[in-house]
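Please walk me through this model in the viewer, one selection at a time. Tell me what to pick next and what is there.

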Amino acid sequence: HVRRRLKDVRFVTEACEYKRSFLSLRPRVGVVTNVECDHPDCYKDIEETKAAFEEFLRGCKMGVTFCEDEGGAQATLFRASEAGKDVAREISGVSLARKKLRLDGDIICDGENTYRLRLEDGGEYNMHNALLATAAASSAGVDVGACVNALADFRGVKRRFEKVKSSLGVPTYFDFAHHPTEISCVLKRAAEMGRALVVFQPHTYSRTAAYLDDFVGALARGGGELILLPAYAAREKKDAGVDSDALAAAIGKKYPKKRVTLTTSFDEALLAVKSRVTGHDLVIFVGAGDIYCLKDRLK
């Protein structure tokens, strides 16, 4: 009886490539949102990272991948053949139209049926995520129209541009971004809302060292001021890379007009936020470490 009922159950998990742990999974459908060398402590370069993702997809009965070109964004649902070649089964595309902070787009299935998608949780990357989720769900037999209706009610998740209660006098958000590309996407979304005061906690010394120049570029593009917290060590010791002082120095060297405040504690960072918030339209706390514990202190 239990075995029969489990046939109708769908389990969804967020897989992680850290130490290749995702290779222990053999899912019916695997979704790859992007491939970057996010863990320099266990992958030597992007080619080694790509090889791991290719191995992951070979272990999936179906795969959903994302690509973007001049024709717009596309999620390709494919079935791996016995010969190891990808055979396209369905392609869905989306064209974006911004209405204030909301995104509207068209999901096109098999080049024929078009569905209008409205996503309240903004950010272009969320529209791409919605496209991938729709492709994955449709492979499990869910009607695309039902997917679109469900996504219209989606209000986001914790630590992904999460709006929190704050006494700072301006809208305040938390985001889990800790890789330069993630940070660029988040700060692009923040810039669409006005001048943002950014508080950033780097995640691990090795990542900060490996992508120092990329962090500099991502963080310097924000229109407002930047407050840096010490790096979150996680599993590392400090000699594994560099700390926030090196990041602050690198930003100051390349972008001398960028106002950066280097802090040594949460208390110091909060004092800096209160003294710098005037002239900003929003505040966003960025990082995957324990920076989230500041949420309750902002009320």
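Start with F161, which is buried at a relative accessible area of 6%. This is a predicted model. F161 sits in the loop between helix 4 and strand 8 (162-164). Check its backbone: phi is positive, about 50°, although F161 is not a glycine.

Now select T204. Here too phi is positive, near 75°, in a residue other than glycine. T204 lies in the loop between strand 10 and helix 6. T204 has a relative accessible area of 1%, so it is buried, the cut-off being under 20%.

Stay in that loop and pick H203, which is also placed between strand 10 and helix 6 (205-210). Is H203 buried or exposed? H203 counts as buried, at 11% relative accessibility. Show what surrounds it. Leaving out residues up to four places away in sequence, H203 touches H178, Y232, A234, R235, A288 and G289.

Keep R235 on screen and add H39. R235 is among the residues that H39 touches; the others are C16, E17, Y18 and R207, not counting residues up to four places away in sequence. H39 is found in the loop between strand 1 (29-32) and helix 2. H39 is buried, with a relative accessible area of 8%.

**The nonpolar cores**

Next, select I183, F200, L219, L247 and I284. These residues have the most contacts inside the largest nonpolar core, which has 35 residues. Which elements supply at least two residues each? Four helices and three strands can be coloured in turn:

- helix 2 (46-58) and helix 5 (180-191)
- helix 7 (212-220) and helix 8 (244-254)
- strand 10 (196-200), strand 11 (226-228) and strand 13 (282-286)

Another core lies apart from this one. It has 20 residues, and L168, V199, A269 and F285 are among them.

Go back to L219 and display its contacts. Setting aside neighbours within four places in sequence, L219 is in contact with I183, L187, F200, L226, L247, I251 and K258. Among these, I183, F200 and L247 were in your earlier selection of core residues with the most contacts.

**Two helix pairs**

Show helix 5 and helix 7 alone. Their axes come within 9 Å and cross at roughly 5°. Angles under 35 degrees count as roughly parallel, so helix 5 and helix 7 are roughly parallel to each other. Which residues make the contact? From helix 5, select P180, I183, S184 and L187. From helix 7, select D214, F215, A218 and L219.

Pause on D214, which is found in helix 7. D214 counts as partly exposed, at 45% relative accessibility. Draw a C-alpha to C-alpha distance from D214 to I183: it is 10.0 Å. In sequence, D214 and I183 are 31 residues apart.

Now switch to helix 3 (residues 124-139) and helix 4 (residues 144-151). Their axes come within 9 Å and cross at roughly 140°. Are helix 3 and helix 4 parallel or oblique to each other? Helix 3 and helix 4 are oblique to each other. Helix 3 passes helix 4 in a right-handed crossing. To see the contact, pick A130, T134, A137 and S138 of helix 3. Then add V144, C147 and L151 of helix 4.

**Cysteines**

Which cysteines should you look at next? Select C185, which is partly exposed, with a relative accessible area of 32%. Then select C293, also partly exposed, at a relative accessible area of 43%. Look for bonded pairs across the model: the structure holds zero disulfides.

**The whole chain**

Zoom out and colour by secondary structure. How many helices and strands does the protein chain have? The protein chain comes to nine helices and 13 strands. Switch to colouring by accessibility. Of the 299 residues of the protein chain, 44% count as buried. Finish with a contact map. Take contacts between residues at least 6 apart in sequence: 63% of them join residues at least 24 apart.

Note on methods. Residues numbered from 1 in each chain as written. Predicted model: local features only at pLDDT ≥ 70, side-chain atom pairs only at ≥ 80, totals over all residues. Heavy atoms only, no water. Core = buried A, V, L, I, M, F, W, Y, C linked by side-chain atoms within 4.5 Å. Buried < 20%, exposed > 50% of the residue type's maximum accessible area, 1.4 Å probe, protein only. Contact = heavy atoms within 4.5 Å. Disulfide = S-S within 2.5 Å. Axes fitted to C-alpha atoms, helices over the stretch in contact; angles between N-to-C directions. Parallel < 35°, antiparallel > 145°, perpendicular 65-115°, else oblique. Left-handed = near helix turned anticlockwise from the far one by under 90°.
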